[in-house]
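Please work through the exercises below with the coordinates open beside you, and attempt each task before reading its solution.

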Amino acid sequence: MKDILSELDDRRATAKLGGGQKRIDAQHARGKLTARERIDLLLDEDSFEEFDMFVAHRCTDFGMEKQRPAGDGVVTGWGTINGRMVYVFSQDFTVFGGSLSETHAQKICKIMDMAVQNGAPVIGLNDSGGARIQEGVASLAGYADVFQRNIMASGVVPQISVIMGPCAGGAVYSPAMTDFIFMVKDSSYMFVTGPDVVKTVTNEVVTAEELGGASTHTKKSSVADGAFENDVEALAEVRRLVDFLPLNNREKPPVRPFFDEPGRVETSLDTLIPENPNQPYDMKELITKVADEGDFYEIQEDYAKNIITGFVRLEGQTVGVVANQPMVLAGCLDIDSSRKAARFVRFCDCFEIPILTFVDVPGFLPGTGQEYGGVIKHGAKLLFAYGEATVPKVTVITRKAYGGAYDVMASKHLRGDFNYAWPTAEIAVMGAKGATEIIHRADLGDADKIAQHTKDYEDRFANPFVAAEKGFIDEVIMPQSTRKRVSRAFASLRNKQLSNPWKKHDNIPL
Amino acid sequence: MFDKILIANRGEIACRVIKTARKMGIKTVAIYSDADKQALHVQMADEAVHIGPPPANQSYIVIDKVMAAIKETGAQAVHPGYGFLSENAKFAEALDAAGVAFIGPPKGAIEAMGDKITSKKIAQDAKVSTVPGYMGLIEDADEAVKISNQIGYPVMIKASAGGGGKGMRIAWNDQEAREGFQSSKNEAANSFGDDRIFIEKFVTQPRHIEIQVLCDAHGNGIYLNERECSIQRRNQKVVEEAPSPFLDEATRKAMGEQSVALAKAVGYASAGTVEFIVDGDKNFYFLEMNTRLQVEHPVTELITGVDLVEQMIRVAGGEPLSITQDDVGINGWAIENRVYAEDPYRNFLPSIGRLTRYRPPAEVAAGPLADNGKWQDKATRGKDFAVRNDTGVYEGGEISMYYDPMIAKLCTWAPTRGEAIEAMRNALDGFELEGIGHNLPFVSAVMDHPKFISGDMTTAFIAEEYPDGFDGVELPEETLRKVAASAAAMHRVAEIRRTRVSGRMDNHERRVGSDWVVTLQGQSFPVRVDADHDGSTVTFEDGTAKRVSSGWTPGDQLADINIDGETLVLKVGKVSGGFRIRSRGADLKVHVRTPRQAELAALMPEKLPPDTSKMLLCPMPGLVVKLDVEVGDEVQEGQALVTIEAMKMENILRAEKKGVVSKINAGAGDSLAVDEVIMEFE
C-alpha cells in the first residue's frame, strides 16, 4: 500500500521538474521563471489545484514516442486570487520549448470549458516556441480548438494573457482574442512571422525585440495593454487587475472595503482648468483625485495617449474610466484613440462595469492621414460602443466638447445617465473663431468685426448653460465636488436595468 | 495707527504682513500682476489692485503703478516686504511726497546703506568692526596689487555695486590680484554699468551671522540677537537658525551693540539687519546692512516672541518702541528651511508648474511666539515644539516662472537646538509637495548631516559637502530597519484588505501570513509581523524587534508612525508591485513579499538603466516646436538640435559634444515627458 502511495509522490515530483533541472536553470538564466513558479506568484499561496499533471502526448513520429514527459509542456488548473476563483494555464518552456501539441491544447481547452461553465476568468501565461512541428496538422487543430474557445468565452468570462517568452505564428491569435494582453519587457515577443521570414520576404532587417517586443506592442501596434519589468512584477500586477474585474458576465463588478471618504472635496480641482483655453493640463490628476485612494489601473498607457482608459474604484466598486487627455494632441479623437477607447468601453459593457467619462475634446483630428486611414469608421467604433452600452454611464465635461466629438463622448444623446459639466465647459459645434468665420463670412476682411463676433459667440456658447437649458447637461457642478457627485450618481444607478432589442449580434463597424 | 496699508509685494511675505495687519485691526490692500490673479495674498487681503503683466519690471517694481494703487485705495502706509521696492530710495521718496508712510527706514538710511563703499565708511566711523581693506577707488591693476599686499593675502576683489557673486574674485598672490582686478572690473561694467572696484581681506572659515536691529523715530534702538545663515548655495540662503551655535555671549553683545550704533548713525527707524562675516576665531566683520525685513526674520520672532512686522508698522506710525533691550531674550532655538521649487536631482534647476499636492505640516504654536497673539490662527497649541510655515501658495496653485522659486519657509522651534532639528526632520517628512521638483529631500539631508548637527559649519558647507551636487540619501541601517518594519506592517494591512473583496469562494479565503521579506535600498530584511489591536511587533532575523503603531490605512499618502515610542513620518506612494517611501531625504522603492515571492524575485535579473550618454533626453515636459537636425547630420558641440516649448517658453536644446545623429524619435508637434529620448547619436 505504502509503495503505491509513494508512486504518486514520485510521479508528481518528476512531473514538477518539467524538462529537468538543467532546463530550469537555463530558464532562470534567461531571467524567466518556470511555469510552476509563475503560478505560485499568480495565485494565492497553496490555492492551486492542478489538472492533467500526467497527460502525455501521443505522437510517434520522429522518435517522439521516446520522450513523453508528464504534463506535455503546459501546467493547467485553478486556484484563487485574493480568494476569488480563476483558471490558469502556464506554458512550460522547459518541455519541448513549451510547444503546443494536440494534448497540450486539450489541456488548455479543458480548463477553458470549465471556466465558462463555472464562471471564472481564464489567465494564460504564454511561453511557447509555437506549434509542435513533429505533430503537424494535429498541432494546428489544437490551436484552432483553443481559438474557438477563446471566441466562445469572450464576453462570458474575462480572459487575460501574459506573454512571458516567445509567442509566434498562429500562437499569437489566442492571446489576440483575449481581453487583455500583458508582456514582460526584454524577455517576451509576439509576431505572426519572425525576423528571418521578414528578411527573406521583404528584405527588412529587424530584431525580434524591434519586431514584436513589449515596447513595440505597447507603443506602436497597441497589441499589448501593458508591459512590466519582469515576471514577478507582471504577475503581481495581473493579480491587481483581477481585483478590479468581475468573475463573469452574470456577476456585478467586485466591491471591496475602502478607506476614502466618498464626499471628499478636492479644492485644487477648481484651478485645474488653466485660464488660457489652449493650455493643456493633465487629466490624470482629475482621475486620481476622483478615484478611491488615488488608485488607477491604466490600460494601454503608452498608446494613443490622447485618450486615457483604465479602472478605478468609487466607494469600493470598480468603474471604467475613459478620458480625453489635453496634454497630447489637445485631447482630440483620432483613429488610434477611438479604437483604443471603443474596445475598452465594450469590455466594460460586457462585464457590467459602469463607465465614467471625462470630456475635454476639441474634435476629431483633421488630415489626409486620418481620412485615408478611415477615421470615419474608426471614430464610429467609439460612438457605437458608447451607444450600445447599457451599463451605468456618468459623464463630466471639464472643458471643450466640440462638434461630433461631443456626441461621441458618452453624451446625453447616447443614453448617458448622468451628464455633468463643470462651469468651465464649452459645449458647441466648434471653437468660437472657426464658427465666427463661417457664420460671418461677409465680415472676414474686417478684423475688428470678426473679433467682436468671436466674442459674442464665446459669450453665447463658450459655457455649459446653453446645453443645460436644453437638458443635455443634467447639472453644472463645481470641480471640487466631482468625486462626491459622480460617486452618488453611480450609487443611484446600482439597480439600473436597460436592454437593447434582441439581435443575433450587432454589426459594429470593425 | 493706520486704518489701511498696502503691501507692495507678493507671495509668502505679502501673506505674512497681512496676517499681522489683520491682528492689529488694519485693513490690507494687495497688488497683483496677471500671473497672480488667483494668488494667496490676493485672496487674503481686504482689497486687491491689478498692476500689470507678470514680469516684475512691468508690475511690482513700477513705482507709478504702485503709487496709483495707493491713491485708488486710500492706503495710508505701504509695507514693501523684501526684494522689489523694499530698498528703493526713489520709492520711499515718492511715498513721502504723496504723504504716505513707508513701513521701513527713512530714505537717507536706505541710500547710505545701499552703497557698499559708503556703508563701510559709515560703519568704520561708527566704530563697527569692518573687514580690513581699501575703501577708495582703485585706478589700475598695479594699484590693486599694491593694496593687496598691504592688506595681506588672501584678498577679495569686489565690485562696489556687486551682488550675487558677480564681479567678485579671490586672489592668493600678485598675479591673481592683477587678473582678478581686470575681470571684476569688466564683469561689473557689464552687469551693473558701474565698474568701481574695491579690495578687502578674504576671511577664512567664514560664517554668515547677522544681527536683527529695531529702531524707532525717537532715537531708541535695540538688537534682537543674531541669526546664523551659513548654509547657503551660491549665496542663496537655504537654512537659517537663531541663535547661532557659534557665538558666545560677549561676541553677541559686541555685535549687537555695534549694530545698534551703526543703525543710529544713519538715523535708522524700522527693523533692519546688519550682516557680519565671522571667522573661525570669532572675529567678526561688517558686511552690509539690509534696510528691510529679512526673509529669515521668523527665526528671530520664534526665539524672542517679538512680531517684527507689528513693530515695523508701529514705528512707521510714529510710536516709540515699547520693548527695551532688557526685554529681549533668547528663548529656545529656531530653525528655518527654505523650501524652493528647485530640483536637487537636476542641479537645483528651477521647476515651475502646478502644485498638484501641497499639504504643509500642521502649524503648532509653542514657545515665545505662542503668546504673541492670533496671527498663527490655525495653529494648534503645543508645548514641546513649534512648527511655523510662512507660505504664499496653495494646493492647485501655480509656481510661476516670473518670480522667486521659494514655496515656503518652514520653521520649527524647541527648547534646544537638537529638539528643534528633530522637530524639523519630522516636519519636512510630513510636508506633502507634488507636481514640481523641490528641495525637500536636500534640506532633509542637511538636517541629518553630522556637520550641521554639530553646528560646525561655514558658508562653504554646501559646496564642500555636496561638491558634485545632490543625488539622494542612503539611509543608515537603523533608519532603514524602521522603514522596513513600518512597510511590513503597512503591507500586511493592505493585503488583508485585498482579501476582503466580494465574490470570494466561501471557506477558501486567502489567509495573509506573518512572514515577510522587505526589500529596500539593495537590502532584504526577513521579518515576522505579529499584529494586535494597538499595532504590530515586527521581529527581525537577528531577534531584535520593533513596535510599530500607526493610523495608516491603504491609500493614505502620509504615514505618521510611532516606532518604539519615536515618531517617523513617511510619504507613501505606489510603485509597480510595492511602495514608494520617502523619508529623511531618501526616496525608496520598497517591496514587501512573502518568503516564496522573495525567493523568486531574487532570480530576476537586475536591469541596468540604459546608457543615456549618447542620447538627448527631454529635460522638461513640453512640446517639440522644431527639429534642427536630421538623421546622419554631424553636429558640433553647442549646435542647436531641437526646440522644446514648455510653459510658453521656447528652450533650445544643444549638443553637449560632437557627434552624428543616428536616430530621431520625435517630430514637431509631439509632446514629450521628462527624460523621453528625443534623439540618439552614433
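The exercises that follow concern a predicted model, and each one is followed by a worked solution.

**Exercise 1.** Determine how the radius of gyration of chain A relates to the value that the globule rule gives for 510 residues.

*Solution.* Begin with the secondary structure of chain A, which consists of 19 helices and 17 strands. The radius of gyration of chain A is 26 Å, and since the globule rule gives 24 Å for 510 residues, the two values are close, so chain A is as compact as a globular protein of that length. Next, consider the extent along the principal axes, where the C-alpha atoms of chain A fill a box of roughly 95 × 55 × 45 Å. Finally, turn to burial and contacts: 56% of the 510 residues of chain A count as buried, and among the contacts between residues at least 6 apart in sequence, 74% join residues at least 24 apart.

**Exercise 2.** Carry out the corresponding analysis for chain B, starting from its helices and strands.

*Solution.* Chain B has 17 helices and 41 strands. For its 682 residues the globule rule gives 26 Å, and the radius of gyration of 28 Å is close to this, so chain B is as compact as a globular protein of that length. The box filled by the C-alpha atoms of chain B, again taken along the principal axes, is roughly 90 × 65 × 55 Å. Of the 682 residues, 55% count as buried, while the accessible surface of chain B comes to about 28,400 Å², with 47% of that area belonging to carbon and sulfur atoms. As a last step, examine the charges: chain B carries 77 positive and 100 negative ones, and their mean positions are 3 Å apart.

**Exercise 3.** Identify the residues with the most contacts inside the largest nonpolar core, and list the neighbours of A:Ile160.

*Solution.* The largest nonpolar core comprises 65 residues, and those with the most contacts inside it are A:Ile160 and A:Phe311. If residues up to four places away in sequence are left out, the residues that A:Ile160 touches include A:Val122, A:Ile123, A:Phe180, A:Phe182, A:Val238 and A:Leu245.

**Exercise 4.** Decide whether A:Gln325 is buried or exposed, and locate it in chain A.

*Solution.* First place A:Gln325, which lies in the loop between strand S12 (317-324) and helix H12 (335-350) of chain A. Its relative accessibility is 5%, and because buried means under 20%, A:Gln325 counts as buried. With residues up to four places away in sequence not counted, the contacts of A:Gln325 include A:Tyr281, A:Asp282, A:Lys305, A:Asn306 and A:Gly331.

**Exercise 5.** Find where the backbone has cis peptide bonds or a positive phi at a residue that is not a glycine, considering B:Pro154, B:Pro243, A:Glu315 and B:Phe348.

*Solution.* The background for this task is that most residues other than glycine have a negative phi, and most peptide bonds are trans. In chain B, a cis peptide bond with omega of about -5° joins B:Tyr153 and B:Pro154, the latter being in the loop between helix H7 (141-151) and strand S7 (155-163). Another cis bond, also with omega of about -5°, joins B:Ala242 and B:Pro243, and B:Pro243 is in the loop between strand S12 (236-242) and helix H9 (249-265). Turning to phi, A:Glu315 has a positive value of about 50° and counts as buried at 19% relative accessibility. B:Phe348 has a positive phi of about 60°, and at 9% relative accessibility B:Phe348 counts as buried.

Conventions. Residues are numbered from 1 along each chain as its sequence is written. Chains are lettered from A and ligands numbered from 1 in the order in which they are written. This is a predicted model: local features need pLDDT of at least 70, side-chain atom pairs count only at pLDDT 80 or more; totals for chains, interfaces and linings use all residues. Side-chain values use heavy atoms; hydrogens and water are left out. Helices (H or I, at least four residues) and strands (E, at least two) are DSSP runs, numbered from the N terminus. The radius of gyration is taken over C-alpha atoms; the globule rule is 2.2 Å times the number of residues to the power 0.38. Buried means under 20% relative accessible area, exposed over 50%, partly exposed in between (1.4 Å probe, protein chains only). Contact means heavy atoms within 4.5 Å. A nonpolar core is a set of buried Ala, Val, Leu, Ile, Met, Phe, Trp, Tyr and Cys residues joined through side-chain atoms within 4.5 Å. Accessible areas come from the Shrake-Rupley method with a 1.4 Å probe; for residues, only the protein chains shown count as cover. Lys and Arg count as positive and Asp and Glu as negative; His and the chain ends are not counted. The place of a charge is taken as NZ of Lys, CZ of Arg, CG of Asp or CD of Glu.
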